[in-house]
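Me: I should like to learn how to read the features of a structural model in order. May we work through one together?

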Amino acid sequence: MTAIETNSTMIASTSSNDSGLSIFSAISEWLTTTSHQRIGRLMVSISLLWTLAVVAVGLLLGVERISSSSDLIDATSAPQLFSIFRVGLIFGSMAPLALGISMAIVSMQVGSQVIAFARGALFGTYLWCFGMIIVAVSYIGNGGPGGGDRQMVDLFLIGMGVVIAGLLIVSASIATTALTSRRAGLTLVDAPIYVWSSLVTSVSLILTLPVMAGALIYVAVDHTYERATFGATDGVNAWIGWALTSPQIFLFSIPTLGVLAQIVATMTRGKQPLRGGLLIGVGLTSTALIGAVTQSFYSIQLDSQLADFAKSLLPFLMFNALPILGVLIVIALCLLAMKNEKAKPSAPFVLAFFGVGMVLTGMIGNVLLRITDLKLSNTVFDEAVLVYVGYGIVLSSLGAIAHFGPRIWGRKMPTMPVIGLGLIGVLGVVLAALPYYIAGFTDQPAARITGELGNNSQIWNSIAAIGQAIFLAFLVAFIGLVIKSARSGEIADEEIFETVSANS
Amino acid sequence: MSTSATALNSGPKIAMRRQALVLSGLLSAASAMLIGSMLAIWLQFRANAPLRESSDGTKMLRDWLPENIKIPEVATNTMLLTIVITCIMVQWAVYASRRADSKHTTLALGVALLTQIAMINAQIAVYLQMDIGVRDSSYTTMFYAITATMTLLIVIGLGFTLVAMFRSVASRPSDHDLIVAHAVYWYSLTLIFAAMWFVVYVQK
């Protein structure tokens, strides 16, 4: 990575202490900052809080599903909790984690001291944050898709609009930085792979989120004026549901490839064979956006007529399998680079590698989900795809924090605890999601906590609940470790600030 | 070892390469996707509308546009012509700005601002002449949603024009990029409006 930035945060904090600034001025300094590192950290911190809340909801739902006679949750609240789990994970965790880390890192990597339109990026962060608060309030008041309170559903739609606006502004800032603020001589092709993946993600979001906004506007106007053209409250999911599932969620996973490739590049000191292949891999994953903007799913029926089968095979493969090919290319090239004898092991690699692995498992699950003969849609299999991809992105983002963090706050993260916690996190994800892959084949219905849940559902639901609990514990422990390391960790040596190679 | 000592010194100042232009391009792409998605849904609803006999009983029509609604085509066509004039004005601003002619740049942007206000005025006139309620039918709900969104994009463009004009008055030499970015946004807005005009006001 190209690190040419003075550690301004540390210097600022030292001078802050010297001048005895009050806590209020320190807070106001953070809230009105134009430093890309601070804005990024603000966004990542808030999204980690969201992640904790969402995983807690996942745990609650998992525990409730163990026994169909359990009454932890009121049955009428269950659809709202399932919905907040999905919306919260995508727009409260996956998207802002990906964008927040990009905001903090991209300008450093392209050799710029500032992010393009820093005030715009800060404004976008606040818009996203307030939008998510509005969304949360609407859920509490029985709003959300399928909610019972009409005004709260209106509030939910407004909140989602604000969230989209915020994410769009942040994406535009990141894309503009990558395109215009590179140091002299650094072409886009030579830019670090993480910059490339951030650029692809932000442009993909700029192209897909307005499509969601368009549908949202129709649904909001229709809902506010009590028309039933778009299906009233139930129509919310029907019209914006495509943005809350695959392939749209794959777009948020593109930076995970960048994180993995970047960490491997650092481990191998920039010796990356077939770097062009990496760029192609990242690009192939972004083909998910074509599927997303068409607002539809591309399924295939294996026992159909040959002509029908052949007709649906191409779009099926293009929209569902191409992103997998992209991820496989990146993983293969990263493993190839690791064969270099100079490769130096790194703790964040564990998180980044398994994070991408989880995303890949989710993508493979999506392929099975779209084979109609398997009858997996409307089962918990769909939830498992979301958990694999969403939690995979969280794992990878924590790997990015462990890798890039010391370059920002100047203190190392301890190796063994990062590896240990990372493996616990991986165990949590697998236990939280894999049982639902199996339960999907036993026809356990999605988003249901009562009634007949399928064969051996108690076993699968118990294991999934344990997985959610492990992942929650992992998150709390990892966030604690990050805070501890940033405050009192071992001072980082000069090595981490080394300019590795712009080609990494 | 102190942390600040381990960090490398700041690199050379980066010459930002046409940030406003790139941002304008991204904003244009987002606007196109927004209206494009709304038009796609509009076309889907229109294609799925049930068939009904025409008033003279000679042919079958899609029961999409209610019979009592008349689109004021003079006002809508005037809007299209007005936005084309806006394009000419913003291009004049680019031409003048390239020659560092602040007076003409400001004048061109001022006229562009007037044409943009005229467009909003024409849109309000369309609403008043049509005299329909949002909840009257599926058509009216969607009509208000898509035209109001388009008007919002025009208002954003109007804000952009105001910023460009104020900066032109201050005559900053670096503002040529901003004027070009402003022009790009209005060109794309013109194309987007033309698509919406054709689908909503011409094809109905």
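Reply: Let us begin with burial. This is a predicted model, and 59% of the 504 residues of chain A count as buried. In chain B, buried residues make up 35% of the 204 residues.

Me: Which secondary structure elements does chain A have, and how is its overall spread to be judged?

Reply: Chain A has 17 helices and zero strands. For the spread, one sets the radius of gyration beside the value of the globule rule. Chain A has a radius of gyration of 22 Å, close to the 23 Å that the rule gives for 504 residues, so chain A is as compact as a globular protein of that length. Its C-alpha atoms fill a box of roughly 60 × 55 × 40 Å along the principal axes.

Me: What does the same reading give for chain B, and in what order do its elements run?

Reply: Chain B contains six helices and two strands, and from the N terminus on the order is α-α-β-β-α-α-α-α. The radius of gyration of chain B is 22 Å, well over the 17 Å that the globule rule gives for 204 residues, so this chain is more spread out than a compact globule. Along the principal axes, the C-alpha trace of chain B spans about 85 × 50 × 25 Å.

Me: How should contacts between residues distant in sequence be read?

Reply: One takes the contacts between residues at least 6 apart in sequence and asks what share joins residues at least 24 apart. That share is 86% in chain A and 76% in chain B.

Me: How is the length of a helix checked, taking helix H6 of chain A?

Reply: The expected span follows from 1.5 Å a residue. Helix H6 (residues 150-180) of chain A has 31 residues and should span 45 Å; its end C-alpha atoms are 45 Å apart, which agrees. As 24 of the 31 residues of H6(A) are buried, this helix is largely enclosed by the rest of the structure.

Me: At what angle do helices H2 and H6 of chain B pack?

Reply: Angles under 35 degrees count as roughly parallel. Helix H2 (residues 19-48) and helix H6 (residues 176-202) of chain B pack at about 10°, with their axes 8 Å apart, and are therefore roughly parallel to each other. By class, the contact of H2(B) with H6(B) has 20 nonpolar, five polar and one charged residues.

Me: Is Phe123(A) buried or partly exposed, and where does it lie?

Reply: The count of neighbours decides: a residue is buried if 20 or more other C-beta atoms lie within 10 Å of its own. Phe123(A), in helix H5 (residues 118-140) of chain A, has 17 and is therefore partly exposed. Phe123(A) and Gly166(A) are 43 residues apart in sequence, yet their C-alpha atoms are 7.4 Å apart in space.

Me: Which backbone details deserve a separate look?

Reply: Positive phi values outside glycine are one topic. Phe117(A), in the loop between helix H4 (78-110) and H5 of chain A, has a positive phi of about 50° although it is not a glycine. With 21 C-beta neighbours inside 10 Å, Phe117(A) counts as buried. Asn378(A), likewise not a glycine, has a positive phi of about 65°. Its place is in the loop between helix H14 (347-369) and helix H15 (380-409) of chain A, and with 13 C-beta neighbours inside 10 Å Asn378(A) counts as partly exposed.

Me: Which residues does a cis peptide bond join?

Reply: The omega angle is the quantity to read. A cis peptide bond joins Ser246(A) and Pro247(A), with omega about 5°. Pro247(A) is in the loop between helix H8 (235-240) and helix H9 (248-251) of chain A.

Key:
Residues are numbered from 1 along each chain as its sequence is written. Chains are lettered from A and ligands numbered from 1 in the order in which they are written. This is a predicted model: local features need pLDDT of at least 70, side-chain atom pairs count only at pLDDT 80 or more; totals for chains, interfaces and linings use all residues. Helices (H or I, at least four residues) and strands (E, at least two) are DSSP runs, numbered from the N terminus. A residue is buried if 20 or more other C-beta atoms lie within 10 Å of its own, exposed if 12 or fewer, and partly exposed in between; C-beta atoms are placed from the backbone. Axes are lines fitted to C-alpha atoms, for helices over the stretch in contact, and angles run from 0 to 180 degrees between N-to-C directions. Angles under 35 degrees count as roughly parallel, over 145 as roughly antiparallel, 65 to 115 as roughly perpendicular and the rest as oblique. Ala, Val, Leu, Ile, Met, Phe, Trp, Tyr, Cys and Pro count as nonpolar, Asp, Glu, Lys and Arg as charged, and the others, Gly among them, as polar. The expected span of a helix is 1.5 Å times one less than its number of residues. The radius of gyration is taken over C-alpha atoms; the globule rule is 2.2 Å times the number of residues to the power 0.38. Two residues are in contact if their C-beta atoms, placed from the backbone, lie within 7 Å.
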